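Hi everyone, thanks for making time this morning. I'd like to walk you through one model, so please have a look at it while I talk.

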Amino acid sequence: MPHDHQESTDPLEALEREHDERRREEEKRGERHMWWYLAYFLFGIHLVALVMIYAVTHAK
């Protein structure tokens, strides 16, 4: 009888463990995407700033 009980809990534990691992991977991926967006955003701001500085210094 205890053997049946163990079989019924193992798949649940496996599913929970799999879910936790998948959630951790998604969090890691989301964090990586956030850093890339931040990098592109900062790069874009600097690009715009440099163009504006060039425009102001070369204005007649």
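Let me start with a question: is W36 buried or exposed? W36 is exposed, with a relative accessible area of 53%. Please keep in mind that what you see is a predicted model. We will come back to that tryptophan in a moment, but let me give you the overall picture.

The secondary structure consists of one helix and zero strands. That helix is α1, and it covers residues 2-57. The protein has 60 residues, and buried residues make up 0% of them. Its accessible surface comes to about 6100 Å², and carbon and sulfur atoms account for 65% of that.

Now, back to the aromatics. How many aromatic pairs does the structure hold? The answer is one. The partners are W36 and Y40, with ring centres 6.0 Å apart and planes at 35°, so we call the pair tilted. To put that angle in context, planes under 30 degrees apart would count as stacked, and those over 60 as edge-to-face. If you look along helix α1, W36 and Y40 are four residues apart, which puts about one helical turn between them. As for the surroundings, Y40 is exposed at 57% relative accessibility, and W36, as I said, is exposed at 53%.

Let's move on to the charges. Side chains of opposite charge can pair when their charged atoms come close. In this model the count is three salt bridges.

I'll take E18 and R22 to begin with. Their closest N and O atoms are 2.7 Å apart. Both sit in helix α1, four residues from each other, so about one helical turn separates them. E18 is partly exposed, with a relative accessible area of 42%, and R22 is partly exposed, also with a value of 42%.

Next, please find R23. Which side chains does R23 meet in salt bridges? One of them is D20, at 3.6 Å from N to O. The other is E27, at 3.2 Å from N to O. In sequence, D20 lies three residues from R23, about one turn of helix α1. E27 lies four residues from R23, again about one turn of the helix. Put together, D20, R23 and E27 are linked in a network of salt bridges.

How covered are the members of this network? R23 is partly exposed at 37% relative accessible area. D20 is partly exposed too, at 32%, and so is E27, at 47%.

There are also charges on the surface that gather as a patch. R24, K28, R29 and R32 come together there in a patch of positive charge. Take K28 as an example: this lysine lies in helix α1 and counts as exposed, at 55% relative accessibility.

The last stop is a nonpolar patch. Which residues form the nonpolar patch on the surface? They are M34, W35, L38, F41, L42 and I45, and together they have about 610 Å² of accessible area. One of them, L42, is in helix α1 and counts as partly exposed, at 39% relative accessibility. Why is L42 not called exposed? Because the label exposed needs over 50% relative accessible area, and L42 is at 39%.

So, to recap. We have one helix and zero strands, with 0% of the residues buried. There is one aromatic pair, and there are three salt bridges, with D20, R23 and E27 linked in a network. On the surface you can find a positive patch that includes K28 and a nonpolar patch that includes L42.

That's it from me. Thanks for listening, and I'm happy to go back to any of these spots on the screen.

Conventions: Residues numbered from 1 in each chain as written. Predicted model: local features only at pLDDT ≥ 70, side-chain atom pairs only at ≥ 80, totals over all residues. Heavy atoms only, no water. Patch = residues over 30% accessible without salt bridge, like charges linked within 9 Å, V, L, I, M, F, W, Y side chains within 5 Å. Areas by Shrake-Rupley, 256 points an atom, 1.4 Å probe, with all protein chains shown as cover. Salt bridge = Lys/Arg side-chain N within 4 Å of Asp/Glu carboxyl O. Helix = DSSP H or I, 4+ residues; strand = E, 2+ residues; numbered from the N terminus. Buried < 20%, exposed > 50% of the residue type's maximum accessible area, 1.4 Å probe, protein only. Phe/Tyr/Trp six-rings, centres within 6.5 Å; stacked < 30°, edge-to-face > 60°. Lys, Arg positive; Asp, Glu negative; His and termini not counted. Charge placed at Lys NZ, Arg CZ, Asp CG, Glu CD.
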